[in-house]
Amino acid sequence: MLRLSGDTIYLRALEPEDLDFLYKLENDTDIWEVSETQTPYSKFVLKQYLENAQLDIYEAKQLRLVICNKDKLVMGFVDLYEFDPKNRKAGLGVVILNNQRRKGIAEEALEILINYCFEILHLHQVYAGVVAGNEASLALFKKLHFIQTGIRKDWIFTSEGYKDEVIFQKLNFKNVF
């Protein structure tokens, strides 16, 4: 557990009692743009998801962890997706509840997750896609020393039309074989 802790937050596995929080977050239309969701999730479907959340990352190819403060208040999630153990890479993402944003939580959570990826999973790289115009997220990944490696033109369709997606990568130079 110590490896998944920071100064003010910690990351933990999903628990059955996270159902209501997961339901609220997954059905928040404000984040659908970045989550590629187009329809609401039922509690039934999310309950099934939670029941399968114990699958190992090598089997599921993804991992979602809950961000909590030291008082055990749930503040958001971090995700590893497209986990590729052969090429030692994974995508990562973070979502923070609206009332908890701009407090440094996403930065600390991603630092913990990146450390987990590099030190425990021995990944060579992590990457993320950020919708162009999301200045807070663009600044966050730059602050965490990610390198912008590309732009996918007209990649995400929104109510305002198509938007570009900025691609960021961070390489782990400690685990080069």
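Guide: Before we start, a strand here is a DSSP run of E with at least two residues, numbered from the N terminus. Keep in mind that this is a predicted model.

Visitor: Okay, which strand is T149 found in?
Guide: The edge strands of the sheet are β1 (9–13) and β6 (147–158), each pairing on one side only. T149 belongs to one of these two, namely β6.

Visitor: Is T149 buried, partly exposed or exposed?
Guide: Buried needs under 20% relative accessible area and exposed needs over 50%. T149 has a relative accessible area of 44%, so it counts as partly exposed.

Visitor: Which residues does T149 touch, leaving aside its neighbours within four places in sequence?
Guide: Contact takes heavy atoms within 4.5 Å. With the neighbours within four places set aside, T149 is in contact with I167 and Q169.

Visitor: And how far apart are the C-alpha atoms of T149 and I57?
Guide: Along the chain, T149 and I57 are 92 residues apart. In space, their C-alpha atoms are separated by 26 Å.

Visitor: Let's zoom out to the sheet. What is the order of its seven strands?
Guide: It's an open sheet with mixed pairing. Neighbouring strands are turned by 30° against each other on average, direction ignored. The strand order is β1-β2-β3-β4-β5-β7-β6.

Visitor: In what sense do β5 and β7 pair?
Guide: Strand β5 covers residues 125–131 and strand β7 covers residues 161–171. One bridge between them has G129 facing its partner I167 in β7. Over seven bridges, the pairing of β5 with β7 is antiparallel.

Visitor: How many bridges join β4 to β5?
Guide: β4 and β5 run parallel. A90 has V126 in β5 as its bridge partner. The number of bridges joining β4 to β5 is three.

Visitor: How many of the seven residues of β5 are buried?
Guide: A residue has to come in under 20% relative accessible area to be called buried. β5 is largely enclosed by the rest of the structure, because the buried count among its seven residues is six.

Visitor: Which strands does α1 touch when it packs on the sheet?
Guide: The direction of α1 makes about 75° with that of β3. In that packing, α1 touches β2 (63–69), β3 (74–84) and β4 (89–96).

Visitor: At what angle does α5 run to β4?
Guide: Helix α5 takes in residues 105–120. It lies across β1, β2, β3, β4, β5 and β7. Relative to β4, α5 runs at about 160°.

Visitor: Now the helix pairs. What term describes how α1 sits relative to α3?
Guide: Helix α1 (residues 19–26) and helix α3 (residues 43–51) pack at about 120°, with their axes 10 Å apart. Angles of 65 to 115 degrees would be roughly perpendicular and those over 145 roughly antiparallel. That's why α1 is, relative to α3, oblique.

Visitor: By class, which residues make the contact of α1 with α3?
Guide: On the α1 side you have L19, D20, L22, Y23 and E26, and on the α3 side K43, L46, K47, Y49 and L50. Sorted by class, that contact has no polar residues, four charged and six nonpolar.

Visitor: What is the handedness of the crossing of α5 and α6?
Guide: The axes of α5 and helix α6 (residues 135–143) come within 11 Å and cross at roughly 40°. A106, E107 and L110 in α5 meet L140, F141 and K143 in α6. As α5 passes α6, the crossing is right-handed.

Definitions and conventions:
Residues are numbered from 1 along each chain as its sequence is written. This is a predicted model: local features need pLDDT of at least 70, side-chain atom pairs count only at pLDDT 80 or more; totals for chains, interfaces and linings use all residues. Side-chain values use heavy atoms; hydrogens and water are left out. Axes are lines fitted to C-alpha atoms, for helices over the stretch in contact, and angles run from 0 to 180 degrees between N-to-C directions. Helices (H or I, at least four residues) and strands (E, at least two) are DSSP runs, numbered from the N terminus. Angles under 35 degrees count as roughly parallel, over 145 as roughly antiparallel, 65 to 115 as roughly perpendicular and the rest as oblique. Ala, Val, Leu, Ile, Met, Phe, Trp, Tyr, Cys and Pro count as nonpolar, Asp, Glu, Lys and Arg as charged, and the others, Gly among them, as polar. Two strands pair if DSSP finds at least two bridges between them. Buried means under 20% relative accessible area, exposed over 50%, partly exposed in between (1.4 Å probe, protein chains only). A crossing is left-handed if the near helix is turned anticlockwise from the far one by less than a right angle, and right-handed if clockwise.
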